[in-house]
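Thanks, everyone, for making the time this morning. I would like to walk you through one structure that will be new to most of you, and I will go from a single residue outward to the chain as a whole.

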Amino acid sequence: MPHRLRVPVCKPAPPPADLPPEEGGGRPIALSIWRGARRLCPRCGVGMIMEGYLGIRAACPHCGERLGHIRADDGPAYFTVLVAGHVVVPLTLAAEQAWHPPLEVQMVVALSGLGLLIWRLLPRMKGAVLGLMWAHGLKGDEVQGDVERHG
């Protein structure tokens, strides 16, 4: 049986000195979304926030910002399907009008393209939603409406 290489678990590095201190409400929303869409930490823009395909790291490996407690739930999937559908459907309709391909060919090409687009977009959408939630200080467990009945 081959020996497994043991990798020591490291603590996150301390925040770099050039990061501005966080004031209440001073998190840039657009920049946080952009950094999240690139799967980078919404605070420092350097550390990778994704672990595997859709897993979120507990903390940024560069600045130590805690991110693992943020729950994006169904938001990334909804936005991914929204964007992918708005790309694939017009292209499929344009192909139908221009070339009149057989239905089987059109379905195979459209569904393959849709699957590929969703596969590539989903982690980026999850990062963008995580960046938006981080910028607003949300965790994903907030309750709207009647607090007595929900919690």
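Let me begin with Ile70, which, once we leave aside its neighbours within four places in sequence, is in contact with Leu130, Met133, Trp134, Leu138 and Lys139. Before I go further, please keep in mind that what you see is a predicted model.

Where does Ile70 belong in the wider picture? The largest nonpolar core has 15 residues, and Ile70 is listed among those with the most contacts inside it, together with Cys41, Ile49, Leu67 and Leu130. You will notice that Leu130 has now come up twice, as a contact of Ile70 and as another of the residues with the most contacts inside the core. Which element gives the most to this core? That is helix α3, which runs over residues 103-136 and contributes 5 residues.

Staying with helix α3, I would like to turn to Gln106, which lies in that helix. Is Gln106 buried or exposed? Its relative accessible area is 14%, and because the cut-off for buried is under 20%, Gln106 counts as buried. If we do not count residues up to four places away in sequence, Gln106 touches Thr92, Glu96 and Pro101.

Gln106 also brings us to the second largest pocket, whose lining includes Gln106 along with two of the residues it touches, Thr92 and Pro101. The volume of this pocket is about 170 Å³, and the elements that give two or more residues to its lining are α2, residues 75-99, and α3. Of these, α3 gives the most, with 6 residues. Others in the lining include Val88, Leu91, Val105, Val109 and Leu114. What classes of residue make up this lining? There are 8 nonpolar and 3 polar residues, and no charged ones.

Finally, let me step back to the protein chain as a whole, where the secondary structure comes to 4 helices and 2 strands, arranged along the sequence in the pattern α-β-β-α-α-α. The chain has 151 residues, of which 26% count as buried, and it exposes about 10800 Å², with carbon and sulfur atoms supplying 64% of that area. Among the contacts in the chain with a separation of 6 or more, 62% are accounted for by residues 24 or more positions apart.

Definitions and conventions: Residues are numbered from 1 along each chain as its sequence is written. This is a predicted model: local features need pLDDT of at least 70, side-chain atom pairs count only at pLDDT 80 or more; totals for chains, interfaces and linings use all residues. Side-chain values use heavy atoms; hydrogens and water are left out. A nonpolar core is a set of buried Ala, Val, Leu, Ile, Met, Phe, Trp, Tyr and Cys residues joined through side-chain atoms within 4.5 Å. Buried means under 20% relative accessible area, exposed over 50%, partly exposed in between (1.4 Å probe, protein chains only). Contact means heavy atoms within 4.5 Å. On a 1 Å grid over the protein atoms alone, a cavity is a set of points where a 1.4 Å probe fits but cannot get out, and a pocket is an open set with protein on both sides within 12 Å along at least five of seven lines; lining residues have an atom within 4 Å of a point. Grid points are joined across faces, edges and corners, and a volume is the space filled by probe spheres set on the points. Ala, Val, Leu, Ile, Met, Phe, Trp, Tyr, Cys and Pro count as nonpolar, Asp, Glu, Lys and Arg as charged, and the others, Gly among them, as polar. Accessible areas come from the Shrake-Rupley method with a 1.4 Å probe; for residues, only the protein chains shown count as cover.
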